Structures are given as C-alpha cells and as structure tokens.
Amino acid sequence: MTEAISLYDLNALVRRSIEQCLPDEFWVQAELSDVRTNSTGHCYLEFIQKDPRSNNLIAKARGTIWANVYRLLKPYFEEATGQAFVSGIKVLVQVTVSFHELYGYSLTVQDIDPTYTLGDMAKRRREILKQLEEEGVLTLNKELDMPRLPQRVAIISSPTAAGYGDFCHQLQNNSRRFYFYTELFPALMQGDRVEDSVLAALDKVNVRLPEFDVVVIIRGGGATSDLSGFDTYLLAAACAQFPLPIITGIGHERDDTVLDSVAHTRVKTPTAAAEYLIDCMNAAADGLELLAGRLQESVRNLLSQEHRKLVNYKNRIPSVAYRQISGAKLTLLTTKKDISQAVFSSLSRHRHRLELLHQRIADAAPEKQLARGYSITLKDGKIVKDASWLNEGDEITTRLYQGELTSIVNRKL
C-alpha cells in the first residue's frame, strides 16, 4: 500500500512549490467581482475573466488587499480614474501568488495601474456612443432648440447636494432679477443606484413636459469616483431622446461622461449651469432691448418724416386751395353758361312744339272745318253722327260756316 499524507501536508507542499516556482510579482489583467471590506480595513475580492465571445466565466481567483495597502490604493485609483473601486470594472494589478493550507490559492494585491482602467472606461464610453450613433439617437437632444426664455427648470439632483443649493442661489440672485421657476425631482447622485434613480426622475418630468422648458442634471460635492453611474447606456439613451433640452453640470472637469456627450449642453458645475440659463435670459433681454431701441429709432424717423410731410402739405395748402377755388369758379361759370344754353335750347324746343300743337288745334277747330264747306247736324242741340239716330219727321238743325238751317227728315236712305 502506497504511503498516504495528510491534506495539510499536501497543501503545505503546494504552498512551498508555489513559493519556489512563483516567487516574483506579476501584473495581472482581470475584472473585479465581489469587492468587500471588513471592519479592520482589509479588502477581500474576486478576480474573474470572461470569454469575450460567449461572456462565460473562464478563470477566477480569490484576492486580498491588506488594509495598509488598501488605504493608499483605493483613493489613488479613484482620484486617477474618477471610477469607484467596485465590482464590474477591469483593472491591471500587481500581485503576488500565495497558497494557504486552510484558505487555499489567492492573489495579494501590491499595486494598481489606473491607466489600464481609464483605457477600459474610455473604450466602454466609445462603445456606448458608437451604439447610440448607430441607432441614430446620439445627437437628438443637441439638435433641440434651446428656448429663448428657459425660465421653467426641472432639476434632477439630490436635495442635500451642495451643488443643488449653489444652483438655486445663483438663479435667484441674478443681477437682472430674472424670474425662474424651479422644481426638484430628487435622485441619487452617487452610488450604484444613480442610473435607476435618474431614469425614474426623467420619467416623472416626462409626464409633465408642458410645464417645463429645460431639464438640469446637477451634482456637486461628491467624489469623482461616483461618476461611473453617468456612463451607462440606458441613461445615455434616455437623455439623448428626451424631448426637452438637458443641461448637465455634474461637477468634474477632466473627462466628459457619456451623459455629458449626449446632453444638449454640458457645463462643469451646477453654478455654471445656472450661469448658462442666466446668460440665455440675458441674451433674450439684450435682444429685446436692441429691438426696442431699433423700434424707437424707427418711430422717431417715421415721425420726423411724417412731420416734414405735414409741413410741406401745410405750405402747399394756400396755393392748392387757390387753384382749387379758381378751378371751381371756372367750372361754375362754365356750368352756368352750359345751363343757360341748355335752358334756352329746351325752352325753344318746347315753344316750337307748343306752336305746332297750337296750329294743329286751330286747324282742328269746327270753324275751320265749316269754312272748308263742312256742316254739323244737330238734333235737340246734340251732334248727329249716325243717320240711324234720326226718324222721319224729326226736326234737325244744320250749322254752316255762316248761319244755320232747320229741316224736317222726310226719308232716310
């Protein structure tokens, strides 16, 4: 029978072998997972590697950062990258390989290279921006027209953030006393819930779109390591497609987050965001003052022009009136002459017609007819026009041009 050894002896053999074979320090590329610290300040985590094609886990190792190293490493990394030292980020760490009889294989972190993580973060940002561009939404918010008077402001921020107070104070104390209506839609500005919190606030603003002109997302006073929450695809896509212009002032100067890249306007700080809105109002007010000045000048020029016209008309009135009166007099005289001639002609025509009628009447008088040899037969003083009106034995009177005859009807034919 082969001689057996204890598990402890085997693990001790493995430990001595590893210490002999891997005595040096190694720079290892890996992704952080399950990062946690204990009360003594030690950091315990897992390093993992995934297949780039299938995203399946292909390697894993337990890691440790002792408190004396972690106290220096964490703030150095976060200050350099603006990224919290949390699960899900890719790092380049210097490690020593160790094996413990009880706890097994582990990597002890000695140092970290932030530039590797910065490169990975930049790569992730580029990938998100490329995806938004391929979807055709990258510049949609930037293409919106900024209102001339952006006075109704929806603010997405933490109510306790110093930046929120600075923003409101700057707006309320502007030198020209412009009025701004502001309403806070509370959201978390740091931690792993930034994305969900800001998206929920945007949804609330979206329900009340007609009540606002712009949306301002501000953050101030937090650590730069909390900016990773603004580098997510879902938040960037929502802001890029939001129907109101979005202004970001999340308090950092080194690099733009993905959110900054898709927002309508990016400024450095909440105070700068307030100044931007005040500048918009100043531009509108200056434009109005310029238009008012132009209007006043145009009115003055028009009044001066019309005054000159009035003076000219006033000077021309006497001569024009004289010419009008003279013309009217001439017209009256001409009209009087024409009327006289017309009346004379009309009277002459009517006089001639009267003379003709008088002649016709005279020619038609009984005396004229009697003078021509005609006679008038009367019975009982009435003119007889039909022989049937008479009977034999009737006495009739015949009136001649000169004298009358009385006859008795003997026979009717």
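Me: What secondary structure does the chain have, and what makes a run of residues a helix or a strand here?

Reply: The chain comes to nine helices and 14 strands. These are DSSP runs numbered from the N terminus: H or I over at least four residues for a helix, E over at least two for a strand. The model is predicted, so local features need pLDDT of at least 70 and side-chain atom pairs count only at pLDDT 80 or more, while totals for chains, interfaces and linings use all residues. Residues are numbered from 1 along each chain as its sequence is written, and side-chain values use heavy atoms, with hydrogens and water left out.

Me: How do you know how the chain stands against a compact globule?

Reply: The radius of gyration is taken over C-alpha atoms, and the globule rule is 2.2 Å times the number of residues to the power 0.38. A compact globule of 413 residues would have a value near 22 Å, but the chain has 60 Å. Along the principal axes, the C-alpha atoms fill a box of roughly 200 × 70 × 35 Å.

Me: What makes β1 and β2 a pair?

Reply: Two strands pair if DSSP finds at least two bridges between them. Strand β1 (residues 25–37) and strand β2 (residues 43–50) have five bridges, in the antiparallel sense, and therefore meet this criterion. One of the partnerships joins L32 to F47 in β2. The two strands form a hairpin with five residues between them, and G41 in the turn has a positive phi of about 95°.

Me: How do you know that β2 also pairs with β3?

Reply: β2 and strand β3 (residues 57–65) share eight antiparallel bridges, so the pairing criterion is met here too. Q49 stands opposite A59 in β3. This hairpin has six residues between the strands, and N55 takes a positive phi near 65°.

Me: Why is S33, which lies in strand β1, called buried?

Reply: Buried means under 20% relative accessible area, exposed over 50%, and partly exposed in between (1.4 Å probe, protein chains only). S33 has a relative accessible area of 19%, and is therefore buried. Of the 413 residues of the chain, 33% count as buried.

Me: Which residues does S33 touch, and what makes a contact?

Reply: Contact means heavy atoms within 4.5 Å. Not counting residues up to four places away in sequence, S33 touches L45, E46, I48 and S87. Across the chain, among contacts between residues at least 6 apart in sequence, 61% join residues at least 24 apart.
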